[in-house]
Amino acid sequence: MNGNKDIPSKFKRNIVQVSEAQKLIFKHIQNVDIEKVPLIESFGRRLAQDFIAPIDLPHFRRSGMDGYAIRSIDTKDISSSNPIILEVIETIPSGKVPSQSISIKQAARIMTGAMLPDGADAVIMFEMTEEFIENDKKYIRVKREINKKQNVTNIGEEIESGTHLMNKGRKIGVGEIALLATYGYHSIEVYKKPTVAIIATGSELQDIQEPLELGKIKNSNSSMITSLVLEAGGNPVWIDKLPDDLNIAKNKILELIQTVDVVITTGGVSVGDYDIMFDFFQQWKAGEMLFNKVAMRPGSPTTVGVFQNHFLFALSGNPGACFIGFELFIRPVLKGMQGAKQLYPDTFTAYLEEDFTKVNAFQRFIRAKSRIDQGSVYVKPIGEDKSSIMVSIKDSNCLIIIPPSGQGLSKGDMVTVIRLKELE
């Protein structure tokens, strides 16, 4: 052999850090097209328009409770020994416009949310009055001074017209739906769901409904990636699994990458004899390979390319590495395509609950579970730290970031953690 000349090219990869890989990807993210959908169908989608309050909320003065609309000045200096008598001239249910104005020593019976009549500037609760009838007229006796604006919501008190309420790219949840409905938006512009083709490669794979054969494994990655794409707001397109045949894979990928926004393959990215995705990228003339090795564990052979701003992600076939590759690189892309401003997951610091003794040449991402105890956050690795292990994925709500180290970490050390789900 003659030095490095005889080393196969699969072993001569340029390593990039995770943050550098994310920056290389970020430059190619573009928004997908916009569509208009019924409001109720917009749940979970992302706004494709800024939302400005078109009118004041509320747009009329309204009562904050069931009671009587009065003039606060009429109650000045009154007490239980010096009450005031007010004539009730009208009853105002919610949705009705008052027909009379309130004058000196008058009141109107009013319900929660109903429009205040002119002249009234406060509402007194039913329980704070004594109602009686005299000469076929209704009156109330008030024994306590009421302040101006008490139990009244004024025009624009909640939201003033012209207030910037939501930026485009915001994910539409329960509160957003309620607000949009309040303003009468029965349909709304959202970003289309990015289309994502999912291909599992490997002659060892079986469909999940097939009887298990010795030496074969179920194609669990496609199901996992499909659910992750749905969670990220994408539209998954499940492609049949492909054997370890470069020509078959090549033809299928070249066909798909022109018609979908993202192609995800799992398997075939390492250095084995049947790892066809490395060979695909070597032969891919129309596209651009951004990187083919990341300084991370698991998933270091993760490879990413672009073709006219369509992405090709080649993830490891190991479920753990596949899952982490999606969270670090693909979820941010799908969010960015839908206009999200914050692409990358939140991080927080926490106390490590047990020793982690593995020596790390690369940055390591450990599936873990976090908990809060008396105001402090603790994290504990879940299961065995192997990229082939999948059972820990269901119990993980975060990833512990273990920096490169020659000695590992000890229980009680402070670590940085990526949030995947809400703390429990």
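**Strand pairing, pockets and a buried threonine in a predicted model**

Strands S23 and S24 (residues 376-381) pair in the antiparallel sense over six bridges; two strands count as paired if DSSP finds at least two bridges between them, and helices (H or I, at least four residues) and strands (E, at least two) are DSSP runs numbered from the N terminus. The model is predicted, so to speak of a local feature requires pLDDT of at least 70 and side-chain atom pairs count only at pLDDT 80 or more, whereas totals for chains, interfaces and linings use all residues. Residues are numbered from 1 along each chain as its sequence is written, and side-chain values use heavy atoms, with hydrogens and water left out.

Within the pairing of S23 with S24, Ser370 stands opposite Val379 of S24. The two strands form a hairpin with two residues between them, and Gln374 in the turn has a positive phi of about 50°. S23 (residues 363-373) also has other partners. Over five bridges, S23 pairs with strand S25 (residues 398-402) in the antiparallel sense, and Arg364 has Ile402 in S25 as its bridge partner. With strand S19 (residues 296-297), by contrast, S23 runs parallel, and two bridges join them; here Met296 is matched with Gln363 in S23.

Elsewhere, six strands make an open sheet with mixed pairing, in the order S7-S4-S6-S5-S9-S8. Its edges are strand S7 (122-125) and strand S8 (129-134), each of which pairs on one side only. On average, neighbouring strands of this sheet are turned by 40° against each other, direction ignored (axes are lines fitted to C-alpha atoms, for helices over the stretch in contact, and angles run from 0 to 180 degrees between N-to-C directions). Inside the sheet, strand S4 (residues 67-70) and strand S6 (residues 106-110) are antiparallel and share three bridges, with Gly67 opposite Ile110 in S6.

Turning to the interior, Thr266 sits in strand S17 (residues 262-266). Thr266 counts as buried because its relative accessibility is 2%; buried means under 20% relative accessible area, exposed over 50% and partly exposed in between (1.4 Å probe, protein chains only). Beyond its neighbours within four places in sequence, Thr266 is in contact (heavy atoms within 4.5 Å) with residues including Ile199, Thr201, Asn221, Leu315 and Cys322. Thr266 and Asn221 are 45 residues apart in sequence, yet their C-alpha atoms are 7.2 Å apart in space. S17 is also one of the elements against which the buried residues of helix H5 pack. Those residues of H5 (residues 276-283) are Ile276, Met277, Phe278, Phe280 and Phe281, and their other packing partners are helix H4 (246-256) and strands S18 (288-291), S20 (303-307) and S21 (310-315).

Next come the pockets. On a 1 Å grid over the protein atoms alone, a pocket is an open set of points where a 1.4 Å probe fits, with protein on both sides within 12 Å along at least five of seven lines, and lining residues have an atom within 4 Å of a point. Grid points are joined across faces, edges and corners, and a volume is the space filled by probe spheres set on the points. The largest pocket holds about 690 Å³. It is lined by 27 residues, of which Glu327, Arg331, Lys335, Arg419 and Leu420 are the closest to its centre. Helices H3 (220-231) and H6 (319-337) each supply at least two lining residues, and H6 gives the most, with five. By class, this lining has ten nonpolar, six polar and eleven charged residues (Ala, Val, Leu, Ile, Met, Phe, Trp, Tyr, Cys and Pro count as nonpolar, Asp, Glu, Lys and Arg as charged, and the others, Gly among them, as polar).

The second largest pocket has a volume of about 430 Å³. Of its 24 lining residues, Glu204, Gly267, Gly268, Gly317 and Asn318 are the closest to the centre. Strand S15 (217-218) and H3 each give two or more residues to this lining, which divides into eight nonpolar, twelve polar and four charged residues.

Some backbone details complete the picture. The peptide bond from Leu57 to Pro58 is cis, with omega near -5°, and another cis bond joins Arg297 and Pro298, with omega about -5°. Pro298 is in the loop between S19 and S20. Asp136, in the loop between S8 and strand S9 (137-142), has a positive phi near 65° and is exposed at 78% relative accessibility. Asn309, in the loop between S20 and S21, also has a positive phi, about 65°, although it is not a glycine; with a relative accessible area of 29%, Asn309 is partly exposed.
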